[in-house]
Amino acid sequence: MTLDIRGSLTRPGGFRLSLDASLPDQGVTAVIGTSGSGKSTILRVVAGLERSENLSVQFRGRDWQNAETWIPPHQRPIAMVQQQPSLFPHLTVLGNLRAVPNATGFDDALQRFNLLSLLDRKPNELSGGQQQRVALARAYIKPADLWLLDEPLSALDALARNELAPMLAGLCRESGRPVLYVTHSLQEVLQIADHLVMLEEGRIIGSGTPEQVAGELDHPLSPLIDVGAILDCKFHRFDANHNLSELRIGDHPMWVRGDLSSPSGIIRIQIPARDVTLAKQIPEETSILNCLPAEIIDLKRTPDGSVFVELDCVGQRLRSRITELSAERMGLVQGLQVYALIKSVALDVRSI
Amino acid sequence: MSDLLQSLLLTGALAGTTTIFLLIIALPLSWWLARTRHRSSSFVEALVALPLVLPPTVLGFYLLLAMAEEGWLGQVWGFVTGAPLAFTFAGLVIASIIYSLPFVSQPLTTSFRNTPTALLDAASLMGVSPTKRFVRLVIPMHGRALVAAAVLGFAHTVGEFGIVLMIGGNIPGETRVLSILLFDQVEALDYASAHITAGVLLTVALVTLTATYSTLRQPQ
């Protein structure tokens with residue numbers, strides 16, 4: 001049982017979307033790609049906002065569209081949140097939510113998205129973040145078997161994004177419904193994605209679990225998004241005096257800003273390859289807090305003069321991007337024991 | 001009942017009835033015109049706009065022919081209701097609808113064309129069918145344009161003269177609206193009564209328009 005999208009769609013500008021994909025119908029599937037890669041178009045196709053005779057969409061064995069069938073968007077069991085909140089300007093927050101037919105979980109949505117104090121306001125009296133919260137609530141109360149999120153955070157300022165990201169993450173995990181989450185930012189979905197799909201110029205160029213994709217260095221998208229490495233760490237303690245959390249990789253400490261205590265105790269962090277420096281000895285008196293012993297597994301040269309150094313760090317993969325000159329000077333070879341220096345600030349962490 | 005009061009009530013009834021029918025016709029028509037890419041839409045739009053450029057007498061002439069007892073419209077009407085159409089209130093309403101349609105349809109079409117596609121998509125994604133979307137979300141969203149269109153339709157019907165003269169004639173209580181009454185009074189050199197009739201028309205028009213514009217000026 002999956003979500004199958006097959007066929008092609010051509011746009012006047014010459015853009016062509018060509019797909020033959022079976023996406024899992026459970027968990028969070030993140031569709032990642034640069035702008036113009038066609039990632040939003042995929043969601044619009046699934047939602048029924050794009051129509052082409054050459055495209056077929058099938059969800060859990062039911063045809064939503066193909067050459068003969070067409071289920072209009074309002075009859076598809078989907079809920080969608082787009083980049084822009086698209087609230088009705090003449091209606092209050094309450095009015096906008098009431099406009100959803102057969103709504104369920106109304107009170108729960110008001111609580112969850114913190115809307116109780118905003119019910120009588122018109123959209124133009126709300127901030128961007130508040131508007132998007134209403135849009136999330138509107139999607140939340142619509143009966144749906146599939147969630148479609150189209151860059152729901154990208155139009156927001158950093159403050160609003162930080163406020164909404166945990167709400168969104170909680171929603172994705174708790175809804176129990178499959179989620180298709182389109183974004184250009186890996187960071188945004190790293191903590192919640194069970195499955196990643198990479199898109200480029202209208203074609204899927206790779207997919208897999210976050211760990212799998214991060215491991216593929218030759219990936220066409222890896223220079224763009226600098227996947228680096230994804231590490232699972234254990235939460236150890238929070239040092240309130242310094243506002244730092246101590247995580248553990250094996251027995252080695254990792255310091256990360258902020259209180260990251262979470263119910264599961266497991267924190268997934270992303271380390272871009274450019275933020276990992278290598279040293280042969282533990283440097284003394286450095287500002288860098290995190291220093292992990294690692295063994296070089298592989299060295300890969302890129303045409304632009306960089307070297308990606310693949311490291312084994314207490315059983316987990318880490319990747320460093322350095323210049324070819326540095327690699328030569330240090331005499332880096334496979335099997336060499338080194339120390340990976342990681343800038344704390346470069347750790348992309350979202351505690352949920 | 002004085003001539004003036006009778007004509008005033010008749011004018012109000014004509015303009016009110018016409019406006020109601022106009023809205024019923026113009027709302028879906030304007031939505032179609034605003035949204036369609038069909039080739040015929042330009043022709044339909046031109047057809048609707050004809051009364052803007054044609055002298056009312058041209059329209060009145062054709063309508064008179066159609067509404068006459070042997071005219072196609074008169075025959076259909078006679079077949080359905082058993083009554084004649086020319087020189088009746090019903091005939092006036094039909095003529096007024098055609099004559100005032102562009103004044104209602106054009107502001108609505110313009111406003112409808114500015115509906116963000118994203119909002120229509122959002123409604124579909126909420127599970128709202130296209131018909132409910134139009135009635136419950138689109139029309140209220142264009143409330144101002146709707147008020148403006150209704151007032152223009154009403155006011156334009158109150159002010160029509162040529163077409164009424166052509167197909168309505170001058171029957172007290174049936175077709176003698178204020179503009180005709182004024183014409184009569186001036187022809188009869190009864191300037192005292194004409195002053196009152198003209199003053200009433202002027203006042204009604206001014207008050208209606210002022211009230212409308214101040215409503216539209218308030219933030220939505």
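## How sure is the predictor?

Let's start with confidence, since this is a predicted model. In chain A, the lowest spot is strand 20 (residues 348-349), with a mean pLDDT of just 49. At the other end of the scale sits helix 2 (residues 93-98) of chain A, which scores highest at 95. Taken over the whole of chain A, the mean pLDDT is 85, and 92% of the residues reach 70 or more.

## Chain A from a distance

So what is chain A built from? Its secondary structure comes to nine helices and 20 strands. Its radius of gyration is 23 Å, close to the 20 Å that the globule rule gives for 352 residues, so chain A is as compact as a globular protein of that length. If you drew a box around its C-alpha atoms along the principal axes, the box would be roughly 65 × 50 × 35 Å.

Of the 352 residues in chain A, 40% are buried. Now look at contacts between residues with a separation of 6 or more: in chain A, 65% of them join residues 24 or more positions apart.

Chain A is also divided into two domains. Domain 1 takes in residues 2-77 plus 144-225, while domain 2 covers 229-349. Between the C-alpha centres of these two domains of chain A there are 30 Å.

## A helix tucked inside

Helix 4 of chain A (residues 128-140) is a good one to find on screen. It has 13 residues and reaches 18 Å from its first C-alpha to its last, close to the 18 Å expected at 1.5 Å a residue. Is this helix mostly enclosed or mostly open? It is largely enclosed by the rest of the structure, because 11 of its 13 residues are buried.

The buried residues of helix 4 of chain A include A:Gln130, A:Arg133, A:Leu136 and A:Tyr140. What covers them? Among the covering elements of chain A are strand 6 (78-81), helix 2, helix 3 (106-112) and helix 5 (158-174).

## One threonine to look at

Next, pick out A:Thr10, which belongs to strand 1 (residues 2-10) of chain A. A:Thr10 has 13 C-beta neighbours inside 10 Å, so it counts as partly exposed; a buried residue would need 20 or more.

For a sense of distance, try going from A:Thr10 to A:Pro101. The two are 91 residues apart in sequence, and their C-alpha atoms are 33 Å apart in space.

## Chain B, built from helices

Over to chain B, which has 11 helices and zero strands. Walk along its sequence and you meet α after α, 11 helices in a row. Its C-alpha atoms fill a box of roughly 65 × 45 × 30 Å along the principal axes.

Chain B has 220 residues, and 36% of them count as buried. Among its contacts with a separation of 6 or more, 73% are between residues 24 or more positions apart.

## Where the chains touch

How many residues does each chain bring to the contact? Chain B brings 16 and chain A brings 15. On the side of chain B that touches chain A, helix 6 (117-125) and helix 7 (130-141) of chain B each supply at least two residues. Helix 6 of chain B gives the most to that side, with six residues.

You can also sort this side of chain B by residue class: there are nine nonpolar, five polar and two charged residues.

Definitions and conventions. Residues numbered from 1 in each chain as written. Chains lettered and ligands numbered in written order. Predicted model: local features only at pLDDT ≥ 70, side-chain atom pairs only at ≥ 80, totals over all residues. Helix = DSSP H or I, 4+ residues; strand = E, 2+ residues; numbered from the N terminus. Buried ≥ 20, exposed ≤ 12 C-beta atoms within 10 Å, placed from the backbone. Contact = placed C-beta atoms within 7 Å. Domains from an automatic or database assignment. pLDDT = per-residue confidence, 0-100. Nonpolar A, V, L, I, M, F, W, Y, C, P; charged D, E, K, R; others polar. Expected span 1.5 Å × (residues − 1). Rg over C-alpha atoms; globule rule 2.2 N^0.38 Å.
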